[in-house]
Amino acid sequence: MDLSNKSSSAMRISPLPLKLLFFILISGFFGCSKEDDSDPIPQPVEIVSWSKSEFVNQGLANTKLFGNVLKAVSGNALFNPLNITSANSPLSFQQFQSRIGRYKLPLSEKAFITRTEREVFVFNPANLSLDNAIRLNMIELDPEFLFFEDIPLWEGEAFGLLPTGTAFIPYRSLSNGVAVNTPSFLLIKTDLENDKIVIKSIQLIKENFIDYYVNCENIESHFDNFYVQLDFFKYKFDNNGNFSKISENKGKIFKYQAGLMSIEIDSRTGNIVAKTSDRNGSNWSIAGSVEYNQLLSLLDFTEIDGKVIGFFGNEIYQLTIGGGTIRRIELENKGLSGRINVITELPNNEILISTSCNSPAGGCGAYTKSKVDFFKEKQVPK
């Protein structure tokens with residue numbers, strides 16, 4: 001037997017057909033192509049935190065922009081102006097305000113108004129000294145006066161105040177020795193004459209609007225009118241005290257575009273409805289609706305850069321209203337501390353959020369972020 005020939009035959013490798021070899025080479029090439037790679041690792045989205053102003057060391061109950069001048073009020077002081085990037089010199093009104101920190105006082109260029117349990121003080125906003133204040137004793141104005149209606153800051157401004165300096169203050173009164181079912185209102189027209197605050201007129205509005213006992217839940221001041229919530233009824237008052245019932249729903253009214261928007265709970269269907277009107281609070285029309293949602297019912301609202309913004313606690317939402325629906329997305333709130341009271345659009349393309357303290361530990365005040373970063377959706381950890 002020829003063993004050498006057998007060994008040579010066993011070690012011989014048969015050549016691959018050319019077509020098979022070509023297929024293997026092509027498969028290897030495309031197998032390494034980027035198109036067949038596994039899904040790329042998602043890049044982390046940059047989260048921009050809110051920046052706290054080191055020059056505001058207390059909670060802010062209210063903030064408002066007048067032209068390029070920013071004003072604010074805390075529980076016991078007026079910032080006129082409020083500086084975000086430099087030191088402040090707030091004017092104290094502690095002796096003219098009862099229950100410090102409970103109320104959200106309204107702001108106007110024409111007048112600054114505070115109250116104790118029985119008196120109203122009217123100031124030139126530039127001077128909060130007692131010598132320059134007008135003091136109104138409610139018992140002298142209305143012998144049947146009981147007490148002022150209590151609207152805490154988490155429900156809205158303590159009373160109404162228009163840009164003209166007209167104030168609208170709710171209070172409780174008696175009629176023939178019996179408490180009236182609905183609040184009475186003190187309407188005060190003020191003006192500045194040679195930098196001195198003057199009162200042009202005082203009017204008492206005492207109407208039994210509803211035949212059962214109700215509180216004034218909030219007052220909103222927009223353009224030339226006040227909007228008052230009495231249980232399920234919304235009333236509009238002009239600066240002469242004329243009034244009309246405009247809705248039988250509970251809701252919040254805020255400036256939107258050239259007019260107003262109301263987001264309210266429909267008392268018949270239970271749905272949440274968004275309505276728009278002209279600046280006079282007339283000609284309301286439905287812009288969208290959605291089934292009842294507890295969060296939406298709790299939100300306060302404002303307009304930022306033409307968009308509807310809702311907020312509650314320290315959470316922020318952007319609402320899209322149109323096509324008969326209401327949708328929302330949550331916006332980034334990292335870095336915020338305290339309860340949001342006001343969101344203000346500043347002239348330098350920044351957004352300012354004013355918060356009040358949730359505890360004595362502090363951490364509240366004035367927070368800013370660029371407008372671009374403000375509208376970024378909140379990143380939820382997966």
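Phe185 has 0% relative accessibility and therefore counts as buried. The model you are looking at is predicted, so please read every value here as computed from that model. Phe237 tells a similar story: with 0% relative accessibility, Phe237 counts as buried too.

**Two ring pairs that share Phe237**

A pair of aromatic rings is described by the distance of the centres and the angle of the planes. With that in mind, here are two pairs to look at side by side.

| Ring pair | Centre to centre | Angle between planes | Geometry |
|---|---|---|---|
| Phe185 and Phe237 | 5.3 Å | 50° | tilted |
| Phe209 and Phe237 | 5.8 Å | 80° | edge-to-face |

The tilted pair of Phe185 and Phe237 links distant parts of the chain: Phe185 belongs to strand S13 (residues 184–193), Phe237 to strand S17 (residues 233–238), and 52 residues separate them.

In the edge-to-face pair, Phe209 meets Phe237. Phe209 sits in the loop between strand S14 (196–205) and strand S15 (216–222), while Phe237 is in strand S17, so this contact ties together parts that are 28 residues apart in sequence. Phe209 and Phe237 are both buried.

**The wider aromatic picture**

These rings belong to a cluster: ring pairs connect Phe168, Phe185, Phe209, Phe226, Tyr235, Phe237 and Phe243. For the model, the count of aromatic pairs comes to 18.

Charged side chains also meet aromatic rings here. Lys250 lies over the face of Phe232, 5.1 Å from the ring centre. Lys255 is placed over the face of Phe223, at 4.8 Å from the ring centre.

**An open sheet further along the chain**

Now for the strands S23 to S26. Four strands make up an open sheet, ordered S23-S24-S25-S26, and their pairing is antiparallel. At the edges stand strand S23 (300–304) and strand S26 (325–331); each has a single partner strand, so one side of each is left without a neighbour in the sheet. From one strand to the next, the twist averages 35°.

How many bridges join S23 to strand S24? There are five, and the two strands run antiparallel, with S24 covering residues 307–312. If you would like one position to inspect in the viewer, try Thr302, whose bridge partner in S24 is Ile309.

Key:
Residues are numbered from 1 along each chain as its sequence is written. This is a predicted model: local features need pLDDT of at least 70, side-chain atom pairs count only at pLDDT 80 or more; totals for chains, interfaces and linings use all residues. Side-chain values use heavy atoms; hydrogens and water are left out. Two strands pair if DSSP finds at least two bridges between them. Axes are lines fitted to C-alpha atoms, for helices over the stretch in contact, and angles run from 0 to 180 degrees between N-to-C directions. Rings of Phe, Tyr and Trp (its six-membered ring) pair if their centres lie within 6.5 Å; planes under 30 degrees apart count as stacked, over 60 as edge-to-face and the rest as tilted. Buried means under 20% relative accessible area, exposed over 50%, partly exposed in between (1.4 Å probe, protein chains only). A charge sits over a ring if NZ of Lys or CZ of Arg is within 6 Å of the ring centre and within 35 degrees of the ring normal.
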